[in-house]
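Thank you all for coming, and please have the sequence and the model open while I talk. I will go slowly, since some of you have not met this structure before.

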Amino acid sequence: MGDPTATLQKKQPAPPKLPMPPEEELEKRFNVVLSYMNLPPDKLQLLSQYDNEKKWELVCDQERFQVKSPPSTYLTKIKSFYQDQGVVSRRLKKRIQDATQVLKDLEISLRTNHIGWAQEFLSEHNNGLDVLVEYLSHAQSDASFDVDGVENGGTLSDRGKPAERSLEDLTKSSSSSHSHGMTRAARALTVRISSTLGNKIHKKSHSSSQRDDVHVCIMCLRAIMNYQVSKERRRFEKLMEYFINDDSNIDFMVACMQFINIVVHSVENMNFRVHLQYEFTHLGLDKYLESLKETESEKLQVQIQAYLDNVLDVGALLEDAEGRGGVLEHVDELQEHNLQLSARLQEIEDQATGRMSDLETQLMQATKETELLKESLRESCSQVGALQQRERERELDREREKDRERLSTSGPQTTSELEQKLHALRDKGLIRLGRSASGGLDIQVVPVTVVEYVHAAPSAPAPAPGGVSSVGLKSKKTIQTKFRMPLLNWQALKPNQVTGTVFNELDDEQVLGELNMDMFEEQFKTKAQSNPTDMASVKKKAAQKAPSKTSLIDANKAKNLAITLRKGGMSPSGICTAIETYDQQALSLDFLELLEHFIPSDFETKLLANYEKDGRPLEELANEDQFMLRFGKIPRLSQRINTLTFMGNFPETVKRVQPQLNSIIAASMSIKSSVKLKKILEIVLAFGNYMNSSKRGAAYGFRLQSLDLLLETKSTDRSQTLLHFITNIIQDKYADLANFHTELHFVDKAALVSLDTILQDIRSLERGMELTKKEFLVQDDSPVLKEFIKTNCEQLESLIRDSKTAQEAYGSVVEYFGENPKTTQPAMFFPMFARFIKAYKTAQQEIQRRKKMESESSEEKETPSPNRAGAPKGPKVPQMDLIAELKKRQVKPQVREGKDGALEDIITDLRNTPYRRTDGRRSAQRQDT
């Protein structure tokens, strides 16, 4: 043996990581590595889910420690040894020493490498067995080695023993396994040894027995024989014999148990799995496992339990199979019942949506009438005010007349006093004095103008153009907070944009007056503070199938028409009759769309007409041409097909469009009329102004998309968002608003609707109905058209009215919330409310969960711990488990120099974790006997 110190010095550091190959090559090399590892299916599936980096690391790790030399390398060297003839004595010694070393390395490789390496060694390409036998044959013919061996002082009897013993063991092993399915290589090995080596070795044992290379070569042959199991009447008999008898080595028993578990239960075929399970049962495994129930080894107990968990109980599976029929019937009944309930639920939901749409429409009409009445009331009030003003003026005129009369009769002193008072009133600007044409005193009262002044705070920003007073908004005070607050980056509405919207009705200052904002400041302050076709064969087949009849239309068009007619499953005359009579039952929509492509062109019509005009027999025309001739004679063919297509699509289009209109109407009206939603927006506006007022000034409203920012604004400790805080405030202070979302109906369905698409569909229906009416005027004898128009015209008018209502309702609600209906589609408007409702519900659940956890924690702190002495004692921990745990903590992890990669981790995990099936099968019901 070499010096271990020198061996360690020769070890090179791990090579640098190689670049990753393309994905296809990586998968190929990774699959080769998996085939060498011989792992169970679940482990293989786990490894297959690795990403490319992990796979490449595993491939590099495996290839770094894999077999460095293929079998061809050893065979080439061995061949060179016996092919080099005519050498001198000294060179022969050197050659034998080299051959012995190569054979030793080969023997080790045959024993330690995977079976694929040995199969490659014995393959027809390498013929490794023949090379070894040939080497032994040449070794016997080296007579010169006999002299050297004797001269070196060796004895024939001593040196002959190893080779004779090796040959004896080899032939014994070979002969004992003939009846148990020896491989082809093993049979060949036995025959060659019997015919060649047996004679030559016994014949020249005095010379060959002295050579070490012969002994090592025979050991190579024994290594090949190790790949078959000998002296076994049944499979796994030796394994069970060692497992049952060698009960002193716990590690060996754990390894055996794990091996048995993987061999039996990693098989995918259930029948083969049961067969393997029975084989081990027949070998006494079940009885032995019963005796190992009380084992003190935790590792062995875990492996045994894993095997028992994986065992297939055929009786239980049979019971399940017998009872499965009734269960499946019951499942089918439940599924059918579920489908019926789903259809009924959808029907009721559609009815409820339609009914709610009608009610919302009535509410909208009532609202309009109310507005008209209010307008009429305002006009009446203005008329009453005008009449009252006139009456006051008349009363004033009468008073003036009386004053004149009193002045004319009163003395100079009284007149002077009256004149002094009049002059004083004139100086104040309250009256005007003048003389009438008759010379009398004319007194005119100056009307009083009441001016309302709005005092803005000194630090508030200047009002937008038009001024605050011009829009009639109350000035908002700047809020000075104790701490600097983070900014809520909402999009504030300008004062002139608030008029007529929901924000004109909100009073956020009242909300701030009701709440204590100290806690809010404390929690939210800023931290700063296909294959090619053979054309020749195609042409040949086409020539063979060439039609014998005359064809006037294009060949490709004729072929496509033939395919279409076969799909229709009707005769050509039946198709034409159905089109002429508008028979929707006979003609499907798909078939009509296909026929539309075969309407004859002017050129084709002229060709067919000339053929018929010439008096030539129609029977000589191809079937497709005969159909085109009959098809083209239908009057107004294109209009008829378009009418039939419209009539077939009409019910489906109405059924699709009506629920969408209803959802738009219901969602729009419910959002606009929701009182609780207004209050929620008022609270949001209050908090936003509290945070932004000192820096950006107070806002009178905000864009609805700003609601998404409530989830982005977080508290100082990042434990909650502004939405969570507002939700908590609503639950504590405004409990009646907690379920505000129940007032908003069909918001999620309205969010999926494209109003423009619906309007286009309705306009298309209008055009189709107009064309149908025109077609009916041309053919007023068609009862089908008459019945269709009579039945569906009123339904279309109702749909048109609903579309106008939906437009009006949607436009009203969008403007009410300060948005632009021209640029804001339902797919943008309603999802803002849907996201806010979803986030609000999530915040509610998280707050409730947090409160529950806090309550449980407080109860645990308040409740004294139970007396352990009075508590029932659990099962006592086995002493061996405790010792095993202590040993586990004391043992240091094994460090394998140069093998600390991904492969070692997988193998270690496989050793420590028992194999358990994950296919969800029913576990065995094992009873103690």
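What follows is a walk through the cores, two helices, the salt bridges and a few single residues.

Please keep in mind throughout that this is a predicted model.

Let me begin with the interior, where the largest nonpolar core has 113 residues, and where the members that touch the most others are Phe520, Phe687, Phe817, Phe829 and Phe830. If you ask which helix gives this core its largest share, it is α31, residues 637-673, with 14 residues. The core also takes at least three residues from each of two domains, namely domain 2, which covers 550-634, and domain 3, which covers 654-852.

To see what one of these phenylalanines has around it, let us take Phe830 and set aside residues up to four places away in sequence: the residues that Phe830 then touches are Ile664, Ala667, Ser668, Ile671, Val747, Ala750, Ala751 and Tyr810. There is also a second core, separate from the one I have just described, which has 27 residues and includes Ala118, Leu136, Cys217 and Ala223. As background, nonpolar side chains in soluble globular proteins tend to be buried together.

Now I would like to turn to helix α29, residues 602-613, whose 12 residues should span 16 Å at 1.5 Å a residue, and whose end C-alpha atoms are indeed 16 Å apart, so the two values agree. Which residues of α29 are buried? They are Glu604, Leu608 and Tyr611, and because these residues cover an arc of only 60° around the axis, they lie on the same side of α29. It may help to recall that an α-helix has 3.6 residues a turn, so residues three or four places apart point the same way. The other side of α29 carries the exposed residues Asp602, Phe603, Lys606 and Lys613. As for what the buried residues of α29 pack against, the partners are α26 (555-568) and α30 (623-632). After α29 comes Gly615, which has a positive phi, near 80°.

One of those buried residues leads us to the salt bridges, of which the structure holds 22. The side chains of Glu604 and Lys557 meet in one of them, at 2.9 Å from N to O. Since Lys557 lies in helix α26 and Glu604 in helix α29, this pair ties together parts that are 47 residues apart in sequence. Are the two partners buried or exposed? Lys557 is buried, with a relative accessible area of 18%, and Glu604 is buried as well, with a value of 9%. Elsewhere, Glu391, Glu395 and Arg398 are joined into one network by salt bridges that share partners. I will mention two further pairs: Glu505 with Lys678, where the closest N and O atoms are 3.4 Å apart, and Lys525 with Glu522, where the closest N and O atoms are 3.3 Å apart. In that last pair, Glu522 is partly exposed, with a relative accessible area of 42%.

The other helix I promised is α16, residues 270-282, which has 13 residues and reaches 18 Å from its first C-alpha to its last, close to the 18 Å expected at 1.5 Å a residue. Here the buried residues are Arg273, Leu276, Gln277, Glu279 and Phe280, and their arc of only 155° around the axis puts them on the same side of α16. On the other side of α16 we find Asn271 and Tyr278 exposed. The cover over the buried residues of α16 includes α14 (237-245), α15 (250-265), α17 (285-291) and α18 (298-310).

Let me finish with three single residues. Arg718, in the loop between α32 (675-696) and α33 (722-733), has a positive phi, near 60°, although it is not a glycine, and Arg718 is exposed, with a relative accessible area of 53%. Phe746, in the loop between α33 and α34 (747-750), also has a positive phi, near 55°, but Phe746 is buried, at 17% relative accessible area.

Finally, Tyr915 sits in the segment after α39 (902-912) and is buried, with a relative accessible area of 3%. What is Tyr915 in contact with, leaving aside its neighbours within four places in sequence? Its contacts are Pro40, Pro41, Asp42, Asn261, Ile262, His265, Ser266, Ala306 and Asn310.

Technical notes. Residues are numbered from 1 along each chain as its sequence is written. This is a predicted model: local features need pLDDT of at least 70, side-chain atom pairs count only at pLDDT 80 or more; totals for chains, interfaces and linings use all residues. Side-chain values use heavy atoms; hydrogens and water are left out. A nonpolar core is a set of buried Ala, Val, Leu, Ile, Met, Phe, Trp, Tyr and Cys residues joined through side-chain atoms within 4.5 Å. Buried means under 20% relative accessible area, exposed over 50%, partly exposed in between (1.4 Å probe, protein chains only). Helices (H or I, at least four residues) and strands (E, at least two) are DSSP runs, numbered from the N terminus. Domain bounds come from an automatic or database domain assignment. Contact means heavy atoms within 4.5 Å. The expected span of a helix is 1.5 Å times one less than its number of residues. The arc is that of the directions from the helix axis to the C-beta atoms. A salt bridge is a side-chain nitrogen of Lys or Arg within 4 Å of a carboxyl oxygen of Asp or Glu.
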